[in-house]
Structures are given as C-alpha cells and as structure tokens.
Amino acid sequence: MGRPRKDSATKPVQERLEDAMIKRMLDEPVGAVSVRELTEDTACNRSTFYYYFNDIDEIADAALDRAIPYELPLTIASLMVTYGTEPLSSQRFDELLEQHAKIDPEQVDMLCLLLNGPNGPLVERKVKDALSHIYPTIVDALPNEGARDELSLRIIFEYASSAILGLMAYRGAIGLSVPVERMIGAVAPEVPRALIGCINRATHA
C-alpha cells in the first residue's frame with residue numbers, strides 16, 4: 001500500500017490524527033472514541049487512519065506520548081538527585097526551578113486538563129511509567145554512605161510524583177485559573193525540604 005500523500009501546507013496527517021485524539025480525550029474516555037469520528041475531524045479516510053495506527057488504543061498511546069511533557073519527570077528527578085543534600089530556601093528553590101523547569105507551558109496546561117479528564121488514570125500511569133524508567137538512575141545518583149532503605153526511597157518517590165500529578169489535576173479542575181508558579185509556591189520550600197530530609201535518612205540507613 002502506498003504512503004498517503006501529505007499536504008505540505010498543513011501538519012502531517014499522522015499529527016493531525018493524534019491532535020484530534022487528544023482533543024477528544026479531554027472529554028471522552030478512550031473507549032468511546034471511534035475511528036469514524038477521528039477521520040471526520042481530520043478530513044481523511046479510514047485507510048489513512050489504519051496506515052498509521054492499528055486501533056484506537058494505539059493512537060491514544062501515540063497521542064499521549066507526544067502531548068505529555070516528559071521534561072517534567074526529568075525535572076523532578078534532577079531536583080531530587082542534584083539537591084538532595086543542600087539546604088533549600090525559598091529563593092534557592094525558585095532558582096532551581098528556573099534552571100531546570102524548561103517546560104512548554106502549553107504542554108503543561110494540556111497535561112493538567114488530561115489529568116482532570118475522563119482518561120486521568122491512563123495519563124497518570126503514562127507519566128509514572130516515564131518516571132519508573134529513570135528511577136534506577138535517580139537512586140544510583142543519590143549519596144550512598146552505607147546501607148540504603150530501598151523501600152523508603154520508593155515510597156518517597158511514589159508520594160512525590162503522585163502529589164505533583166494531583167496538584168496538576170486540581171489545576172485542570174479549576175480551569176487552569178491558577179498559574180503553575182502559584183501551585184508550586186503554595187508548598188515550597190517546606191514540602192521539598194521535608195522530602196529531601198526523608199531521602200537523606202533513607203540513603204544513610
């Protein structure tokens with residue numbers, strides 16, 4: 001089967017299909033979206049859809065991979081590892097965020113809305129999967145002056161990631177009316193400092 005022709009003046013049809021899927025996922029469960037609706041949204045035919053994707057689950061997975069800012073897990077990891085032993089003031093925390101959180105605001109907004117939508121559990125699982133892939137690297141980079149409490153480290157990691165995703169879902173629930181900086185400022189630096197203390201205990205067990 002020949003490759004579908006692309007209009008150079010528009011987005012590639014694969015991206016248009018993924019964009020249409022993301023828009024529908026804001027309001028509909030993945031299982032409720034049909035191939036017919038997506039082809040109508042993008043003015044393409046079923047053959048074109050099946051050239052790129054086997055089914056709705058596959059396009060949902062691809063769409064989320066493109067929509068989720070995976071820099072977010074990397075930022076979380078970097079903050080946990082690099083500054084796990086440093087004193088953390090409000091000013092220092094703001095400096096670290098400015099240094100590390102180079103994330104597209106539109107992607108963050110989309111993630112907040114997706115987390116608050118009917119596919120929230122699926123989206124959260126995707127982000128946590130991304131974090132799980134880099135978790136061994138995070139643990140290896142932590143200071144190790146004796147036996148580590150591996151269970152405590154994993155609990156801290158799960159707690160921190162779930163808390164952040166929960167805040168983002170809440171931001172989506174209130175229509176993005178609160179800036180991300182305000183959400184972070186409400187818990188910083190006390191919460192990060194408490195987590196760093198827990199990490200230090202777990203790495204000096």
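**Exercise 1. Place Glu28 in this predicted model: find the elements on either side of it and the residues around it.**

Step 1. Start with the position along the chain. Glu28 sits in the loop that runs between helix H1 (13-25) and helix H2 (35-42).

Step 2. Now look at the side chain. The side chain of Glu28 forms a polar contact with the side chain of Arg24, at 2.8 Å. Arg24 is also one of the H1 residues that meet H2.

Step 3. Leave aside residues up to four places away in sequence, and list what remains in touch with Glu28: Val33, Glu37, Pro118 and Asn119. Of these, Glu37 belongs to H2 and takes part in the contact with H1.

**Exercise 2. Describe how H1 and H2 pack: what are the angle and the distance of their axes, and which residues meet?**

Step 1. Two packed helices are described by the angle between their axes and by the distance between those axes.

Step 2. For H1 and H2, the axes cross at roughly 120° and come within 9 Å. The crossing is right-handed.

Step 3. Next, collect the residues. H1 brings Arg16, Leu17, Ala20, Met21 and Arg24, and these meet Glu37, Leu38, Asp41 and Thr42 of H2. Sorted by class, the contact holds four nonpolar, one polar and four charged residues.

**Exercise 3. Do the same for H8 and H9: what are the angle and the distance between their axes, and how do the contact residues divide by class?**

Step 1. Helix H8 covers residues 120-141 and helix H9 covers residues 150-173. They pack at an angle of about 145°, and their axes are 11 Å apart.

Step 2. Check the handedness: H8 passes H9 in a right-handed crossing.

Step 3. On the H8 side, look for Glu124, Val127, Lys128, Leu131, Ser132, Tyr135, Ile138 and Val139. Their partners in H9 are Glu150, Leu153, Arg154, Phe157, Glu158, Ser161, Ser162 and Leu165. The residues of this contact divide into eight nonpolar, three polar and five charged.

**Exercise 4. Step back to the chain: how many helices and strands does it have, and what share of its residues is buried?**

Step 1. Count the elements: there are eleven helices and zero strands. Along the sequence, the pattern reads α-α-α-α-α-α-α-α-α-α-α.

Step 2. Turn to burial. With buried taken as under 20% relative accessible area, 41% of the 205 residues qualify.

Step 3. Consider the surface. The chain exposes about 11,100 Å², and carbon and sulfur atoms supply 54% of that area.

Step 4. Finish with sequence separation. Taking contacts between residues at least 6 apart in sequence, 71% join residues at least 24 apart.

How values were computed: Residues are numbered from 1 along each chain as its sequence is written. This is a predicted model: local features need pLDDT of at least 70, side-chain atom pairs count only at pLDDT 80 or more; totals for chains, interfaces and linings use all residues. Side-chain values use heavy atoms; hydrogens and water are left out. Helices (H or I, at least four residues) and strands (E, at least two) are DSSP runs, numbered from the N terminus. A polar contact is a pair of N or O atoms within 3.5 Å; within protein, one must be able to donate a hydrogen and the other to accept it, and residues adjacent in sequence count only if both atoms are side-chain atoms. Contact means heavy atoms within 4.5 Å. Axes are lines fitted to C-alpha atoms, for helices over the stretch in contact, and angles run from 0 to 180 degrees between N-to-C directions. A crossing is left-handed if the near helix is turned anticlockwise from the far one by less than a right angle, and right-handed if clockwise. Ala, Val, Leu, Ile, Met, Phe, Trp, Tyr, Cys and Pro count as nonpolar, Asp, Glu, Lys and Arg as charged, and the others, Gly among them, as polar. Buried means under 20% relative accessible area, exposed over 50%, partly exposed in between (1.4 Å probe, protein chains only). Accessible areas come from the Shrake-Rupley method with a 1.4 Å probe; for residues, only the protein chains shown count as cover.
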